[in-house]
Amino acid sequence: MKQLGNVLLAAAVVAVLAAVFSVSARAAEPVAAVALVTRDAVTLRAAPRDSAAAQTVLWRGEVVEIRAERGDFVQVWDHQRERGGYVKRSQLLGVGSGEQAAPELLALLGFVSEQPGSETLGLALAAAAIQALPGAALQGPDGARVLDAIGRQAERLAERASQGAQRSQDRAMLTAHLDVARRHGVTFQSIEDGERVRLCYEGDAHRRLLAMPAASAEQQARAALALTRSDCQNPQARPGEREAADQARAALLDRVPTTTLAAHWRARLATRQASVWSGLAFARAQRGDATAARSAAERALQAIARVDRAELADDDLTRHTEAALRANAVRWAAGSGVAPAAALSITTRKLDDGQTCASLIDPRQKAAQPLAERCSWGVVWAASASVNREGNAAALAVQPIDGWRELWVFRKTAQGWTVQVLPPAALNPGLGYAELAGWVPGGRQMLVAREAMAEGRTVRRFEVVELNTLTPQRTAFEPDALGPFARWPDAAWKRDSLALR
Amino acid sequence: MLLRLKSLTRSVRIALARLVRRAAPGAASGDDASAVRPLRAMPSVSLRPILLTLGVTAAALGAGYVIVKHPPVQQLAPGHLALRTNQLTGDTTVWRSGPVWALPGLYQVTRYPLQDQTWHAASMASADGPSPAQSVEGLSIGLDLSVRYAIDPARLTAAKAASLPERLVTQIVEPAVQATVYKIIARHTVREIFSSQRAQIEQEIEGQIRTKLAADGLLLRSIHIGKIDLPEDYRRGMEVLLTEGLSAEKMRYTLELREKQVKESELTASAEKARREIAAEAAGREQVIAAKAQEEAMKHVLPFKQRQIEQRKLEAEANRVSRVQQAEGEAQARRIEAAGEAEARQKLADAEAYRLTRVGKANAEQMAAEGALITKHPLLIQKTMADRLSDKVQVIIASPSQGGFIGNNLLGSVARAQTASTEVDTDNTEQ
């Protein structure tokens, strides 16, 4: 009896242990196996056959739950569409869960995130990696890598969407990809720029990345540059809102550590800083805050001077030209504000309606009427006033809008003094400047440097302009090609202007 | 004065009586001494010097004691006032500082402190105490009352000083307080005393006591009424009442606070509205200025665009004229070329026709000559064929047939031509 009792006891212990193991094994099983769709236009079929009816079409990067396996097919459930079906096994990528799956997911993410066209799959892998990584690792370099990958892919996808697709099937794929990205939490903003709409990444991953101490300098620089893109700013914003946004952009760029940054990234950062500080300088000058405008303009000029053109990539050259145009347009804000003494002087006065009037005055005539006067809604850079040796012409820089600086020419004629305006180019105002490069002795000609980026065109010219008609008599793409530019250039222009960069 | 004179007369009379009594015992005591003297024979020792010495010593000691106990010069401590009264004449002198000569028996010196004194009305402190105040309802009320007073040196004349009692508290302050407080408290209800008119009552009491004390040369510094002790039952009901009153007051104040908060919110909202309006106006103005600046920049560009367009038009016109002229020139050149070409072709055709005629004639003449030659030498045909085939055919094996020549089939045309030429020759001959 005693032996029987022992046997029964042992059996009971074994049964309890088995039950415990079975429960623990059940608890260790993943709740649901998840797979990512690795190709575009994958058909979800009603049965595990190629000839079966198509339920819907899945796109690269979509997430489905694996329910069962039937030969080469996998039975899946699409939670987004609330529809089940069969998909070929070769078109799916099983995603593991838990910490042990994180290295594989990170490796896959590192590869896929560099493949153009696979942005949605990369975003899905990043989402899986975030789920797999433990909390501490998410705050470390691995987390920074994932966020960086999300930001880069979202930017690339937005760029693809903004460029559009030529073929109809590509357009459908693009729309589907944007939809898949939105499902992964990546949102885009539509920026109306003239007649076209640009898609821009909202920047959540970039902002999170900038807040992480573990992010590398390059990652921070990339995030800061992505968040401060000029073409993703709201063009309909009011001047005050735009200034506040520019201020925030400048602060964001200042946060990036540059000591450990590679030279080309430093150049990109400086280029963007020059662009942003130029905008700020103009906004402050238009508000009437000359001191703040001066500091901003100085920051812009210092930033553009830090750029080493040899370090710039081909893609960055256009941005550098834009930044240089902007910085050169506001370079008079960094000046002393006092025009050099001459036979004639130009004074400015503010009207109640917001206009600024520039008056040409002869100091030798006491309490005399201005020789000529013209008003502008823009910013009149009084420090730029220059009078030729003969005293029959004067030039003044006036900037009506951000990044577009005109040259006003006061000219003495038989009927009196006249004021004519020389824009940077005969194009719709964009970015550009027209500036005095020197006076040609004789009082009939002047040297003008003009550069503009507008209507999709880039213009850079050095001209010998006839004062009477303001028409160029001789034009060259480089100043060395024109003799007057070698003989009579203004020393201050040669020293300060970015036209000779 | 009369009282003093009386007391002086009385003291003189008493002194004279003492002198008379001192002279009389000589006779009386003489009888006693004679009765006693025979009993004891004492040696004759003179006691007079001893007694004199003892008397002088006693007198000196007594004088010293008197001087020590009643010094003729008294020091006046700072902050005190001395009142010296001549006992003979009744003159009063007020001393404020320094030593005061006060011969004992002649002068009487009374000191008064000039510092602030405080008196606490202990007897009326409790409602159950010996002398509580009575309210208008007849309820006993205890007042914890303290009086702070001082002698007013400015108003203390010699005459007034003479009338100052030694115990100011009991003889001036306390009666003045009681006469004032009981009277004032008796005009008010407990509620007024306890809460609503406490300050006014305190002020009234203070005013009246001040007046009364000032009449006696005292200066009232302050009066403080602390705890007011009510009968227990009344206190309980009063506290409930007061609590309710306080609640009502609190509600009133709460409502006032709310009203003020509402007003503050209104003002804040108005200020915010004004600020926003100003900000919106400024932003709108900035927007307008920016738009006008944009328009201005566009305006400045337009003439140059117009000039550019005109220039392009002129260039296009010049180009058109140039191309038209070029086309006209080309057309004319082509016409000339075509005419020349036609003429050239005509010439070429004529030349060709002439050449054909000439070639035909030459051919005919050659054929006629060949025909004549073949007719004259028939084997010439075989020879010619053999010459032509000599480098193409190495061995030709064929049976001679019908005339024996292998190239008959090939030469059929030649034969036919020969026949034809023969016929032509015949025709020509016939013609």
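A disulfide is a pair of cysteine sulfur atoms within 2.5 Å. The exercises below apply this cut-off to a predicted model.

**Exercise 1.** Find how many disulfides the whole structure holds, and give their pattern in chain A.

*Solution.* Search over all chains: two disulfides turn up. Now count the bonded cysteines along chain A; the pattern reads 1-2, 3-4.

**Exercise 2.** Characterise the link of A:C357 and A:C375: handedness, location and burial.

*Solution.* Start with the distance. The sulfur atoms of A:C357 and A:C375 are 1.8 Å apart, and the two residues form a disulfide. Next, the torsion. The angle about the S-S bond is 95°, and the link is right-handed. Then place the ends. A:C357 sits in strand β11 (residues 356-361) and A:C375 in strand β12 (residues 372-376), so the bond ties together parts 18 residues apart in sequence. Last, accessibility. Buried means under 20% relative accessible area. A:C357 has 0%, so A:C357 is buried. A:C375 has 28%, so A:C375 is partly exposed.

**Exercise 3.** Do the analysis again for A:C200 and A:C232.

*Solution.* The distance comes first. These two cysteines form a disulfide with sulfur atoms 1.9 Å apart. The torsion about the S-S bond is -85°, and the link of A:C200 and A:C232 is left-handed. This pair links distant parts of the chain, 32 residues apart. A:C200 belongs to strand β9 (residues 196-201) of chain A. A:C232 lies in the loop between α8 (217-227) and α9 (239-254) of chain A. Finish with accessibility. A:C200 is buried at 1% relative accessible area. A:C232 is buried too, at 17%.

Methods:
Residues are numbered from 1 along each chain as its sequence is written. Chains are lettered from A and ligands numbered from 1 in the order in which they are written. This is a predicted model: local features need pLDDT of at least 70, side-chain atom pairs count only at pLDDT 80 or more; totals for chains, interfaces and linings use all residues. Side-chain values use heavy atoms; hydrogens and water are left out. Helices (H or I, at least four residues) and strands (E, at least two) are DSSP runs, numbered from the N terminus. Buried means under 20% relative accessible area, exposed over 50%, partly exposed in between (1.4 Å probe, protein chains only).
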